[in-house]
Amino acid sequence: MVDNTQLYQMILAPPGHGRLRPEAYRMHAQMTLFPPRLMACLALLTAVSVCAACTAEAPPAQQSATPAPAPAVPAASTNPMVMFMAPQDGSTSSSPVHIMFGAEHFEIAAVPQGTVETTRPGMGHYHVAVDSECLPTGETIPKAAPWTHFGDGKNMIDMQLPPGKHTLTVQIGDDLHRTIEGLCKTITVTVQ
Ligand SMILES: [Cu+2]
């Protein structure tokens, strides 16, 4: 026997309860239309197409692996270095000689004002010497001839030189005027 309350609940069933039925029917229909074996085939096809995509993308991956050594070359050239922008090595010029320095992968900066007790990594200033070689690494560059300090951070000077052949040396020193490994360059010029 179904009393009135049960009948009422059957007629006015909660909406959620009502939706379960069509859902179940849809699932049943899917199982009928796409039985597990077909679903397995579809899954396999999907896997094959994914693998095909992998194969298609494989050649670019190999191509990008081939030029990989190329960036290693610029990486090696990131070493700090110093050079003469002018005059050219082996050139002849009249006095005063216009001398200009350049640096790569190193920051040229004026020595800080006041008492300097520490150095700033990767920063320094130019020094030039006439008829003198590079000083050993870590040595303090004398504030005397033949050395000229560019503690203001400048990179050029017009220098009076006697006629004849001269060597010019540019060497970077840190804020305590100590030489840094690899940051020295010597050229030869002839003054008319
Ligand atoms: Cu100095």
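Strands here are DSSP runs of E of at least two residues, and they are numbered from the N terminus. The model is predicted.

**Exercise 1. Find the two cis peptide bonds that precede P87 and P146, and place each proline in the chain.**

Step 1. The bond from A86 to P87 is cis, and its omega is near -5 degrees. P87 sits in the loop between β1 and β2 (92-93).

Step 2. The bond from A145 to P146 is also cis, with omega near 5 degrees. P146 belongs to the loop between β5 and β6 (147-149).

**Exercise 2. Describe the overall make-up of the protein, and state which parts of the model have pLDDT under 50.**

Step 1. The protein has four helices and nine strands. Along the sequence they follow the pattern α-α-α-α-β-β-β-β-β-β-β-β-β.

Step 2. Of the 192 residues, 14% count as buried. Take the contacts between residues at least 6 apart in sequence: 68% of them join residues at least 24 apart.

Step 3. The average pLDDT is 78, and 60% of the residues score at least 70. Residues 7-22 stay under 50, and the model gives this stretch two contacts beyond four places in sequence. Residues 24-29 are also below 50 in pLDDT, with zero contacts beyond near neighbours in sequence.

Step 4. Where pLDDT is low, the predicted coordinates should not be read in detail.

**Exercise 3. Work out the strand order of the open sheet that contains β3.**

Step 1. The sheet has three strands in the order β1-β3-β7, with antiparallel pairing. Its edge strands are β1 (81-86) and β7 (156-159), each of which pairs on one side only.

Step 2. Direction ignored, neighbouring strands of the sheet are turned by 25 degrees against each other on average.

Step 3. The antiparallel pairing of β3 with β7 covers four bridges. Within it, I99 stands opposite I157 of β7.

**Exercise 4. Trace the pairings of β8 with β5 and with β9.**

Step 1. β5 (residues 123-130) and β8 (residues 164-173) run antiparallel and are joined by six bridges. A129 has T169 in β8 as its bridge partner.

Step 2. β8 also pairs with β9 (residues 179-191), in the antiparallel sense and over nine bridges. Here L168 has I187 in β9 as its bridge partner.

Step 3. β8 and β9 form a hairpin, and five residues lie between them. H177 is in the turn of this hairpin.

**Exercise 5. H105 and H177 both have a positive phi; decide for each whether the residue is buried or exposed.**

Step 1. H105 lies in the loop between β3 (97-104) and β4 (107-108). Its phi is about 55 degrees, a positive value although H105 is not a glycine.

Step 2. A residue is exposed if 12 or fewer other C-beta atoms lie within 10 Å of its own, and buried if there are 20 or more. H105 has 10 such neighbours inside 10 Å, so H105 counts as exposed.

Step 3. Leaving aside neighbours within four places in sequence, H105 is in contact with T78, N79, P80 and M81. G122 is 17 residues from H105 along the chain, and the C-alpha atoms of the two are separated by 8.4 Å.

Step 4. H177 is in the loop between β8 and β9. The phi of H177 is near 65 degrees, again positive in a residue other than glycine.

Step 5. H177 counts as buried because there are 20 C-beta neighbours inside 10 Å.

Key
Residues numbered from 1 in each chain as written. Predicted model: local features only at pLDDT ≥ 70, side-chain atom pairs only at ≥ 80, totals over all residues. Contact = placed C-beta atoms within 7 Å. Pairing = 2+ DSSP bridges. pLDDT = per-residue confidence, 0-100. Axes fitted to C-alpha atoms, helices over the stretch in contact; angles between N-to-C directions.
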